[in-house]
Amino acid sequence: MTTSAPVWDCPFNHTDGLEFDPLLKRLLTEDPIARIRLPHGEGEAWLATRYEDVRVVTTDRRFSRAAGIGRDLPRMTPAPIAQVEAINLMDPPAHNRLRRLVAQGFTNRQVERMRPKTQAVVDGYLDEMTEHGSPADLVRHLSSRLPLTTICELLEIPEQDRAELRGHAVAMMSMGPGTGAGQVDAKAALRAYFSELTAARRRDPGEDLISALATARDGEELLDDQELAVMAMVLLVTGHDTSTYQLSNITYTLLTHPEQLAKLRTGPELLPRALEELLRFIPFRQGVGIARVATEDVELGGVLIRAGEAVHVSYLAANRDGRMFERPDELDLDRGTANHMTFGYGTHHCPGAHLARMELQVAIGTLLRRFPGLRLAVPAEELDWQTGSIWRYPRTLPVAW
């Protein structure tokens, strides 16, 4: 059993398109339970990259997110992203209570009820793109609009507020030099906005998800005012970020893998399976997310992790683990299993995964159906990729048809 290890310096700043980070590949191959140093926070952390080890860390209650509250844990961004009252820093049983309440807004039945409205919104956006003419920027016409519209409709956020809230959400995810103050300000602005909005919904509830959370009971308990405000904030940020960038990333990946795209065009019924493989394959973010802390000594993959030590996991690396996925670095739309970790795993698996899948199915399916000759309008190597954020995506995606 290993009790000490060399330390890897891990900036996790690989921004070459959607190429898998070679540092993550090395860690997965050479040191799957590695000691790492991240750009921000104090000290070092462990990083689990193998699928099975990630599964253990995300399901074993000896690895706690709540135990890290108040500590300056190693992280990617200058300021911590999560609020201390947020569900993504809670452990069971407190986490279970909020999770049950939030899940009421994301059941399969409720998401399917949203599909016709989502289809109408997508049709409208693509009508505008058609009217604009070829070439057009898919980010401007579709990717940056649909997920934000969907989650804001679900929360009934006034249309005039949405652009500003989106700007705050983007600022929160910045990780470059000098972005710490902007992160703090953005988080404070979002919190103030949702404190006021949720208080109004509690006084005068409507039919939206925030109102449902404001009045929902778990036994005799309601969410308190702070819990409700932070929950609404988390739902806005997480409810549109991943889908926004994955719409562009998935389209780019299909357009640069013509054999796989042809397979999907000739068999559109394969789309749900194909999307699962695309979600597995695409490295949609930089580095790692929120650390956990070992609450007692734990052996993990032959390594002894001491009580109090920080532990990160890499869902990206787990998605490329050859022990779990045959030919992990190949895109194979016939693979199509939903056992990837793109929406997280275990206690903190994304509650909005059903909604994200529905949005992607509607948007990608409609895009391919309406634009059978869709192609990149510029060479792939000329695309401008986002840097300085935890998310990886093209800033613009010029397409032609």
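## Sheet and helix packing in a predicted model

An open sheet of six strands, with mixed pairing, runs in the order 1-2-3-9-6-4. Its edges are strand 1 (7-9) and strand 4 (63-64), each of which pairs on one side only. The model is a predicted one.

Starting from the strand 1 edge, strand 1 and strand 2 run parallel and are joined by three bridges. Within this pair, Asp-9 has Arg-37 of strand 2 as its bridge partner. Strand 2 (residues 33-37) then pairs with strand 3 (residues 45-48) in the antiparallel sense, over four bridges. Here Ile-33 stands opposite Ala-48 of strand 3. Strand 2 is mostly covered, with four of its five residues buried.

Further into the sheet, strand 3 is joined to strand 9 by three bridges, and the two are parallel. Ala-48 faces Val-313 of strand 9. Ala-48 of strand 3 is thus placed opposite Ile-33 and opposite Val-313. Strand 9 pairs with strand 6 through two bridges, in the antiparallel sense, and Val-293 stands opposite Ala-310 of strand 9. Both faces of strand 9 are covered: Ala-310 and His-312 are buried on one side, Val-311 and Val-313 on the other.

Two helices lie against this sheet. Helix 1 (residues 22-30) packs on it and touches strand 1, strand 2 and strand 3. The direction of helix 1 makes about 165 degrees with that of strand 1. Helix 2 (residues 51-59) lies across strand 2, strand 3, strand 4, strand 6 (292-294) and strand 9 (310-313). Relative to strand 9, helix 2 runs at about 125 degrees.

The loop between strand 2 and strand 3 holds His-40. With a relative accessible area of 21%, His-40 counts as partly exposed. Apart from neighbours within four places in sequence, the contacts of His-40 are Leu-73, Pro-74, Arg-75, Met-76, Thr-77, Pro-78 and Met-175. One of these, Leu-73, is 33 residues from His-40 in sequence and 8.1 Å away in space, C-alpha to C-alpha.

The helix packing can be followed through helix 10. Two packed helices are described by the angle between their axes and the distance between the axes. The table gives these values for the partners of helix 10.

| Helix pair | Angle between axes | Distance between axes |
|---|---|---|
| Helix 6 and helix 10 | roughly 155 degrees | within 7 Å |
| Helix 3 and helix 10 | about 60 degrees | 12 Å |
| Helix 10 and helix 12 | about 100 degrees | 11 Å |

Helix 6 (residues 146-155) and helix 10 (residues 225-255) cross at roughly 155 degrees, and because an angle over 145 degrees counts as roughly antiparallel, that is how the pair is classed. Their crossing is right-handed. From helix 6, the residues Leu-146, Pro-147, Leu-148, Ile-151, Cys-152 and Leu-155 take part; they meet Ala-232, Leu-235, Leu-236, Gly-239, His-240, Ser-243, Thr-244 and Leu-247 of helix 10. By class, this contact has ten nonpolar and four polar residues, with no charged ones.

Cys-152 belongs to helix 6. Its relative accessibility is 0%, so Cys-152 counts as buried. Beyond neighbours within four places in sequence, Cys-152 is in contact with Ile-157, Arg-162 and Leu-236. Of these, Leu-236 is among the helix 10 residues that helix 6 meets. From Cys-152 to Leu-73 there are 79 residues in sequence and 32 Å in space, C-alpha to C-alpha.

Helix 3 (residues 94-103) packs on helix 10 at about 60 degrees, and the two are therefore oblique to each other. Their crossing, too, is right-handed. The contact is formed by Arg-97, Leu-98 and Val-102 of helix 3 with Glu-227, Met-231 and Leu-235 of helix 10. These residues divide into four nonpolar and two charged, with no polar ones. Leu-235 of helix 10 takes part in the contact with helix 3 and also in that with helix 6.

Helix 10 packs on helix 12 (residues 271-281) at about 100 degrees, which makes the two roughly perpendicular. Gln-246, Ile-250, Thr-253 and Leu-254 of helix 10 form this contact with Leu-275, Leu-278, Leu-279 and Phe-281 of helix 12. The division here is six nonpolar, two polar and no charged residues.

Notes
Residues numbered from 1 in each chain as written. Predicted model: local features only at pLDDT ≥ 70, side-chain atom pairs only at ≥ 80, totals over all residues. Heavy atoms only, no water. Axes fitted to C-alpha atoms, helices over the stretch in contact; angles between N-to-C directions. Parallel < 35°, antiparallel > 145°, perpendicular 65-115°, else oblique. Left-handed = near helix turned anticlockwise from the far one by under 90°. Contact = heavy atoms within 4.5 Å. Nonpolar A, V, L, I, M, F, W, Y, C, P; charged D, E, K, R; others polar. Pairing = 2+ DSSP bridges. Buried < 20%, exposed > 50% of the residue type's maximum accessible area, 1.4 Å probe, protein only.
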